Amino acid sequence: MSPLAVGRVRDGAYGAVHPPYLHADYRSTRLRSPDRPLILLPEELHDPTGPVYGDGRLAESDADLTRQHDGEPVGERIIVSGTVRDRDGRPVPGSLIEIWQANAAGRYLHERDRHPAPLDPNFTGAGRVLTDADGRYRFVSIKPGAYPWRNHQNAWRPAHIHLSIFGRAFTERLVTQMYFPGDPLFPADPIFNSVRDPAARDRLISRLDWETTTAEWALGFRFDIVLGGSNSTPLEA
Amino acid sequence: MAAGATPSQTVGPFFALGLCVRPRDELVDPGRADAIRLGGRVLDGAGDPVPDAMVEIWQADEDGGHRNGFGWGRCGTDADGRYEFVTVRPGGDGAPYATLLVFARGLLKPLMTRVYFPGEPANEADPLLSALTGAERAGLTADSAGGCYGFDIHLQGEQQTTFLAL
Ligand SMILES: [Fe+2]
């Protein structure tokens with residue numbers, strides 16, 4: 001048996017869908033990005049398996065971040081919904097989505113968050129939801145506030161919700177951030193702009209959705225997710 | 001219909017709020033006779049510990065399968081950059097290995113690697129290990145001491161861990 005030949009690349013999907021590891025404008029990438037070649041695993045060695053959820057351990061309040069405490073959190077109530085699909089457009093059912101976010105004042109319930117904005121006793125900012133048989137998900141929350149960070153002088157993150165999605169294969173794992181339409185902070189945010197392709201970057205922005213917007217109650221935002229974007233032309237090392 | 005994929009974004013510094021509420025670092029009962037510890041430190045290009053990283057593991061069970069959904073775990077790093085899983089040596093055909101994904105502030109997408117076990121005869125015939133240089137192979141193989149397997153993850157630099165492109 002002749003040994004397999006593996007390719008070596010500088011970055012898996014450099015310049016394509018996903019951001020590069022090194023994006024110097026985002027300071028923390030400078031010492032945390034690999035600078036030696038990455039191994040391109042040949043197709044036949046790819047592991048198609050991945051962790052699966054669907055055991056019903058989720059509570060209803062997991063998908064409603066406004067109902068996890070005695071009172072209601074402060075802020076604009078929102079309904080976020082969408083469909084999780086694979087690259088061929090097929091829905092991904094039974095996939096766990098984990099959510100975390102800042103409160104309406106832009107503060108996380110986390111010991112390392114030093115932003116002098118108030119915590120909300122009625123808001124934790126964490127949730128979980130499973131996609132249904134058609135790959136759809138829906139959760140209720142409040143719109144997170146923008147917050148400052150120390151990346152550069154007067155740096156502010158546009159409002160965003162963090163999402164982690166399992167998908168079907170472990171290599172399909174996706175952690176991303178959902179943004180809100182028309183945010184004036186977009187041009188100044190190195191994390192958002194680490195995605196080089198403007199069309200791909202645009203897919204990080206949710207849309208105001210009249211279908212799920214509920215009269216006298218909450219605005220709806222639609223955020224569709226497509227998994228498996230890693231498999232694009234890599235840059236040779 | 002091929003659709004454009006959703007780009008990855010960093011987990012940021014506050015992921016523990018959403019991802020580390022329930023401990024997931026024990027894949028098996030630590031009291032089990034065949035339980036092993038697999039862990040190490042996550043270090044940056046300056047050799048400093050990364051205290052806000054998260055390591056996820058996916059591996060086969062002792063029979064080489066995923067019975068009862070076995071095989072996934074998650075561990076946030078501590079102030080020394082340390083992570084550790086309690087698990088078993090994967091079984092089945094071929095060289096046993098575990099796949100790791102590393103997430104952190106400063107990582108705009110995860111880093112993937114594999115941990116192979118030292119002194120395993122099947123390593124000789126493993127198709128991936130056979131295709132790598134000696135240094136790359138070393139960067140995918142754990143150190144062992146008793147039932148503990150050490151696997152430091154160097155994100156950058158001369159000692160960089162061998163990562164698999166995603
Ligand atoms: Fe954030």
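**Exercise 1. A leucine and its surface patch**

Task: Find the strand that holds A:Leu208, then work out which residues make a nonpolar surface patch with A:Leu208.

Solution: Start with the backbone. A:Leu208 sits in strand E11 of chain A, which covers residues 207–208. Keep in mind that this is a predicted model. Next, check the accessibility: A:Leu208 has a relative accessible area of 40%, so it counts as partly exposed. A patch residue needs over 30%, and A:Leu208 has 40%. Finally, the partners: A:Trp210 and A:Leu219 join A:Leu208 in a nonpolar patch of about 340 Å².

**Exercise 2. The iron site**

Task: List the atoms that coordinate the iron ion, and decide what to call the geometry of the site.

Solution: First, collect the donors. Chain A supplies two tyrosine OH atoms, from A:Tyr108 and A:Tyr147, and two histidine NE2 atoms, from A:His160 and A:His162, at 1.9 to 2.2 Å. Then look at the angles, which run from 90 to 159 degrees among the four donor atoms. A tetrahedral label needs all angles between 85 and 135 degrees, and the site of the iron ion comes out as irregular.

Now for the sequence side: the donors follow the spacing Y-x38-Y-x12-H-x1-H. Take A:Tyr108 and A:His162 as a pair: they link distant parts of the chain, 54 residues apart. A:Tyr108 is in the loop between strand E4 (96–101) and strand E5 (126–130), while A:His162 is in strand E9 (residues 160–165). Last step, burial: A:Tyr108 has a relative accessible area of 1%, so it is buried, and A:His162 is buried as well, at 2%.

**Exercise 3. A threonine in chain B**

Task: Is B:Thr161 buried or exposed, and which residues does it touch beyond its neighbours within four places in sequence?

Solution: Place it first: B:Thr161 falls in the segment after strand E9 (153–154) of chain B. Its relative accessible area is 3%, and the cut-off for buried is under 20%, so B:Thr161 is buried. Setting aside those sequence neighbours, its contacts are B:Thr113, B:Gly139, B:Phe151, B:Asp152, B:Ile153 and B:His154. For a C-alpha check, try B:Met112: it is 49 residues from B:Thr161 along the chain, with 9.8 Å between the two C-alpha atoms.

**Exercise 4. Salt bridges**

Task: How many salt bridges are there over all chains, and why does the pair A:Asp86 and A:Arg168 tie together separate parts of the sequence?

Solution: Begin with the idea: side chains of opposite charge can pair when their charged atoms come close. The count over all chains is 27 salt bridges.

In one of these, A:Asp86 and A:Arg168 bring their closest N and O atoms to 2.7 Å. A:Asp86 belongs to the loop between strand E3 (77–85) and E4, and A:Arg168 to the loop between E9 and strand E10 (174–179), so the bridge ties together parts 82 residues apart in sequence. A:Asp86 is buried at 4% relative accessibility, whereas A:Arg168 is partly exposed at 37%.

Another pair in chain A is A:Arg67 with A:Glu60, at 3.6 Å from N to O. Here A:Arg67 is partly exposed at 49% and A:Glu60 is exposed at 68%.

Over in chain B, B:Glu62 and B:Arg67 form a salt bridge with their closest N and O atoms 4.0 Å apart. Shared partners join B:Arg32, B:Asp34, B:Glu62, B:Asp63 and B:Arg67 into one network.

Technical notes
Residues are numbered from 1 along each chain as its sequence is written. Chains are lettered from A and ligands numbered from 1 in the order in which they are written. This is a predicted model: local features need pLDDT of at least 70, side-chain atom pairs count only at pLDDT 80 or more; totals for chains, interfaces and linings use all residues. Side-chain values use heavy atoms; hydrogens and water are left out. Patches are made of residues with over 30% relative accessible area and no salt bridge: like charges are joined within 9 Å, nonpolar side chains (Val, Leu, Ile, Met, Phe, Trp, Tyr) within 5 Å. Accessible areas come from the Shrake-Rupley method with a 1.4 Å probe; for residues, only the protein chains shown count as cover. A salt bridge is a side-chain nitrogen of Lys or Arg within 4 Å of a carboxyl oxygen of Asp or Glu. Helices (H or I, at least four residues) and strands (E, at least two) are DSSP runs, numbered from the N terminus. Buried means under 20% relative accessible area, exposed over 50%, partly exposed in between (1.4 Å probe, protein chains only). Donors are N, O and S atoms within 2.8 Å of the metal (3.2 Å for Na, K and Ca); water is not among the atoms, so sites may look incomplete. Four donors count as tetrahedral if all angles lie between 85 and 135 degrees; four count as square planar and six as octahedral if opposite donors are over 155 degrees apart and all others between 65 and 115; anything else is irregular. Contact means heavy atoms within 4.5 Å.
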